[in-house]
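Hi there,

Here is the structure I promised to pass on to you. Have a look at it first, and then read on for what I found.

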Amino acid sequence: MKILAINGSHRKGRNTAAMLQAVLEEAARLGAETELVELADYHIKPCQACNKCLAKPECSIKDDDMGALAEKMLAADGIVLGSPVYWANVTTYMKNFMDRTRWMHMVKNLLHGKVGGAVTHAGLRNGGQEFALEIMNRFLAAQGLYVVDTRDQEGGLYNSGAMGTMFESLADGKVSWKKGVHEDALAIEECRRLARNMVALIKRLKG
Ligand SMILES: Cc1cc2nc3c(=O)[nH]c(=O)nc-3n(C[C@H](O)[C@H](O)[C@H](O)COP(=O)(O)O)c2cc1C
């Protein structure tokens, strides 16, 4: 079982990467082979809207790293997307990546039957995390993946994906911030739940 994590943060190895690592560590503990890809390391040109992928499941742009990334996606059983919130949205890197996967969807959903999930991190407590998760989950569903969330048999703590915040507390009108997502126990627990749900569904689908 292979699980691929794709980080859309413009900063490698920071909060979103740590959340994706938490997903992958839990998935690995349950037996998955895992890989984290940082979009910041990939040269991906913007979609040219040439519409050639409406006729053939192929992208007309060949001279960048999207082909290599597509191979990783096609080889994976599970794909987890991570993006920090930028303006209540996903990042430019994540959106650019999404656009360039259109050829995997228009003629046939080449990723159909895989399992997907999403994580996000933002500065503010209500900084747009739900919007960013919704955008990534809608993308995964449109691509034919089965999307998992953070539900658990024990109940409680349900979210449509894992979400973190830098917000810590407010005292005497002064806001204090976490040092990083490692101090956000809820976000890390949601990452682990997402991983458990992803692994369980992949196992069920594989029979
Ligand atoms: C261009 C830009 C826009 C941002 N917009 C928001 C926002 O709308 N809401 C929010 O809470 N945080 C916003 N942030 C803060 C990031 O979401 C936050 O710093 C996050 O932890 C970054 O994730 P990373 O550590 O993985 O890079 C923004 C940051 C940048 C650079």
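Two elements each give at least two residues to the shell around the ligand: α1 (15–29) and β4 (115–122). Please keep in mind as you read that this is a predicted model. There are 15 residues around the ligand, and those that come nearest are Ser9, Arg11, Thr16, Val85 and His121. By character, the shell splits into seven nonpolar residues, six polar ones and two charged ones.

Which atoms of the protein pair with oxygen atoms of the ligand? Ser9 places a polar side-chain atom 2.7 Å from a ligand oxygen, and Asn15 has a polar side-chain atom at 2.9 Å from an oxygen of the ligand. With Leu124 the backbone is involved: one of its polar backbone atoms is 2.9 Å from a ligand oxygen. As for cover, the ligand taken alone exposes 640 Å², of which the protein buries 73%.

Next, helix α5, which spans residues 185–206. Its 22 residues reach 32 Å from the first C-alpha to the last, close to the 32 Å expected at 1.5 Å a residue. Which of its residues are buried? They are Ala187, Ile188, Glu190, Cys191, Arg193, Leu194, Ala195, Met198, Val199 and Ile202, so you will see Glu190 and Arg193 listed alongside residues such as Leu194 and Val199. The cover over these buried residues includes β1 (2–7), α1, β3 (78–84), β4 and β6 (162–165). Both α1 and β4 are thus named here and in the ligand shell. Just after α5, Gly207 takes a positive phi of about 75°.

Two residues that are not glycines also have a positive phi. Asn51 has a phi of about 65° and lies in the loop between β2 and α2. Trp87 has a phi of about 55° and is found in the loop between β3 and α3 (92–100). Are these two side by side with the solvent or buried, and what are the values? Asn51 counts as partly exposed because its relative accessibility is 38%, between the 20% and 50% cut-offs. Trp87 counts as exposed, because its relative accessibility of 84% is over 50%.

The loop that holds Asn51 also holds Ala55, between β2 (33–38) and α2 (66–75). Ala55 is exposed, with a relative accessible area of 67%. The C-alpha atom of Ala55 is separated by 36 Å from that of Ala162, and the two residues are 107 apart along the chain.

Last, please look at Asn137, which has its place in helix α4 (residues 129–142). Is Asn137 buried or exposed? Its relative accessibility is 10%, so Asn137 counts as buried, the cut-off being under 20%. The Asn137 side chain reaches the backbone oxygen of Ser160 at 2.9 Å. Leaving aside residues up to four places away in sequence, Asn137 touches Gly117, Ala118, Val147 and Ser160. Ser160 therefore appears both as a polar partner and among the residues touched.

Happy to talk any of this through whenever suits you.

Best wishes

Conventions: Residues are numbered from 1 along each chain as its sequence is written. This is a predicted model: local features need pLDDT of at least 70, side-chain atom pairs count only at pLDDT 80 or more; totals for chains, interfaces and linings use all residues. Side-chain values use heavy atoms; hydrogens and water are left out. A residue is near a molecule or strand if one of its heavy atoms lies within 4 Å of it. A polar contact is a pair of N or O atoms within 3.5 Å; within protein, one must be able to donate a hydrogen and the other to accept it, and residues adjacent in sequence count only if both atoms are side-chain atoms. Accessible areas come from the Shrake-Rupley method with a 1.4 Å probe; for residues, only the protein chains shown count as cover. Helices (H or I, at least four residues) and strands (E, at least two) are DSSP runs, numbered from the N terminus. Ala, Val, Leu, Ile, Met, Phe, Trp, Tyr, Cys and Pro count as nonpolar, Asp, Glu, Lys and Arg as charged, and the others, Gly among them, as polar. The expected span of a helix is 1.5 Å times one less than its number of residues. Buried means under 20% relative accessible area, exposed over 50%, partly exposed in between (1.4 Å probe, protein chains only). Contact means heavy atoms within 4.5 Å.
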